[in-house]
Every structure is written in C-alpha cells, then in structure tokens.
Amino acid sequence: MNNIASTQQDTPYHTILLVEDDVRLSALVVEYLQNNGLQVETEFRGDTAVERIVSLQPDLVVLDLMLPGLDGFEVCKQVRSDYSGPILMLTAKDEDIDQVVGLEIGADDYVVKPAQPRLLLARIRALLRRVTPQAETKPVINNDILNFGELVINHQSRIVSHHNTEVEFTTTEFDLLWLLASNSGVILSRDLISESLSGIEYDGLDRSIDIRISRLRKLLNDNSANPKGIKTVRGQGYLFVADGWQ
C-alpha cells in the first residue's frame, strides 16, 4: 500500500479501530490513515476484537474478514447490539456472497482487498460524514418525521416504526431509507444514491445499493417479489411509494 498523504485532512480526534491480523499491512494502513488526520488503534485477533470494540467505542471500525479466533462476520454479529458506529469490512474475496453476508449482519460498507489507500480513506470519510454533525453545512430539516400510514420515520431520533413496532437499522440503512422516503414519488438513480450517501460515483458494478434495497424490503416486510413500498424501475433506479405502506 503506497503511503501517499492527502492534503485534505479529516477533523481531528476521529478514532478508528483497525482489526487486521497482517501486521505488516496493518502498519502501512495505520501510517497512511494517521498521515491523513485520523487516530488509529489496532487489534490483531477476532476473539479479542469484540471486547475491544465495545469498550473503546471508536468512531469507526475497519474489520478484516479473515481473522484468527473469530472471523469478521462473527465479530460484526457479536458487537452490533453494543456498538452502533459504522463498520467497514475488508474482504480478500471479490465474491458477492461475502459482500451480501457482511451487509446482512450489520456492516455499513465493504472494500475488497488489496484496497487502494485512497479508496479506503474515501470510504472511511464518507461513513464518518454520515455520523458526525457538521454545524456549518448541515441543512435545516423542518420535517423530522415522515409518516406513511403504518411506516413512521423519525430523522432526529433515527427511529423507524412499522406497524407500531420499532425496526432496527444500521446507520447506512437508515440513511438510505430516509433518502428514499424524503423523495417519495421521485425515481432515484443508483448514481444519485451513491453520490448522496457516500460522495463516490457509482461505477456500474458495485452491488451494495441493490443489496441494501433488498435489506430494507426485508426489514419492512415489503415483498421482494412484488414490492409495494420500494419499487425497482428498470433501467432508472428506485422509487419510494408513499401509499405502499398502508
């Protein structure tokens, strides 16, 4: 991994926990991220990472998939009830199934190894932007609660209620749902969704948006075979239907 320092610095005091068993690679990642304004802690085993994540409560976790003790999938599952911050999963396998499983169990994003340092940093920054208040640029939202019959979304508390039952979402899942719901009746392209949520252009190959849409439908009991609330518009994108939640 090349140590190319970026001129754009992150806000100080963001703490990243890197869980990676490759000591040499870990050192390179730590150096690169610290050169770009992030404070980085390290952990090398999955079985010790669980307690470390819960006790440290870092701003973000970079979690390798293949770890001694516990694999990244199991670490992610075990910490999700006690850690609400974003988890960026690293996988050496360029296979859809690993990406799908990671997102299903609570990861917010993934990067395939060997990761380009600038891409890794961009994904980290994008996740941090979504969980860090930006007083200078944060828009004023007059309508913090969207009500669609049996579906109620509270932006301020980040609580979603469906049929009077609270539904738990990861940070990324909630942000995607809010983006769709606050633009109900408008078809949102994958390009727009990717730019809005991560600031990264859609490359035409990344399936993470489609996976997350499927995850939203599953959580909200929107029949994936014939969805009423979040519809796929072939060749254009996704449409949130306001009256599809009655």
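## Exercises on helices and their packing

In this predicted model, helix α8 is followed by Asn221, whose phi is positive, near 55 degrees.

**Exercise 1.** State how many helices and strands the chain has, and what share of its residues is buried.

*Solution.* Step 1: the elements are eight helices and twelve strands. Step 2: the chain has 246 residues, and 46% of these count as buried. Step 3: the accessible surface of the chain comes to about 12,600 Å², with 48% of that belonging to carbon and sulfur atoms.

**Exercise 2.** Take the contacts in the chain between residues at least 6 apart in sequence, and find what percentage join residues at least 24 apart.

*Solution.* For this set of contacts, the share joining residues at least 24 apart is 61%.

**Exercise 3.** Compare the span of helix α8 with the span expected at 1.5 Å a residue. Then decide whether α8 is largely enclosed or not.

*Solution.* Step 1: α8 covers residues 208–219, which is twelve residues. Step 2: from the first C-alpha to the last, α8 reaches 16 Å, close to the expected 16 Å. Step 3: a residue is buried when its relative accessible area is under 20%. Step 4: the buried residues of α8 include the hydrophobic-sounding names Ile209, Ile211, Ile213, Leu216 and Leu219; Ser208, Asp210, Arg212, Arg215 and Arg217 are buried too. Step 5: ten of the twelve residues are buried, so α8 is largely enclosed by the rest of the structure.

**Exercise 4.** Describe how helix α1 and helix α5 are oriented to each other, and name the residues that meet.

*Solution.* Step 1: α1 spans residues 23–35 and α5 spans residues 117–131. Step 2: their axes come within 11 Å and cross at roughly 60 degrees. Step 3: angles under 35 degrees count as roughly parallel, and 65 to 115 as roughly perpendicular. Step 4: α1 and α5 are therefore oblique to each other. Step 5: the crossing of α1 past α5 is right-handed. Step 6: from α1, Val29, Tyr32 and Leu33 meet Pro117, Arg118, Leu120, Leu121 and Ile124 of α5.

**Exercise 5.** Do the equivalent for helix α2 and helix α3.

*Solution.* Step 1: α2 is residues 46–56, and α3 is residues 72–79. Step 2: the two axes come within 9 Å and cross at roughly 30 degrees. Step 3: α2 and α3 are therefore roughly parallel to each other. Step 4: α2 passes α3 in a right-handed crossing. Step 5: Gly46, Ala49, Val50, Ile53 and Val54 of α2 make the contact with Val75, Gln78 and Val79 of α3.

Methods:
Residues numbered from 1 in each chain as written. Predicted model: local features only at pLDDT ≥ 70, side-chain atom pairs only at ≥ 80, totals over all residues. Heavy atoms only, no water. Helix = DSSP H or I, 4+ residues; strand = E, 2+ residues; numbered from the N terminus. Buried < 20%, exposed > 50% of the residue type's maximum accessible area, 1.4 Å probe, protein only. Contact = heavy atoms within 4.5 Å. Areas by Shrake-Rupley, 256 points an atom, 1.4 Å probe, with all protein chains shown as cover. Expected span 1.5 Å × (residues − 1). Axes fitted to C-alpha atoms, helices over the stretch in contact; angles between N-to-C directions. Parallel < 35°, antiparallel > 145°, perpendicular 65-115°, else oblique. Left-handed = near helix turned anticlockwise from the far one by under 90°.
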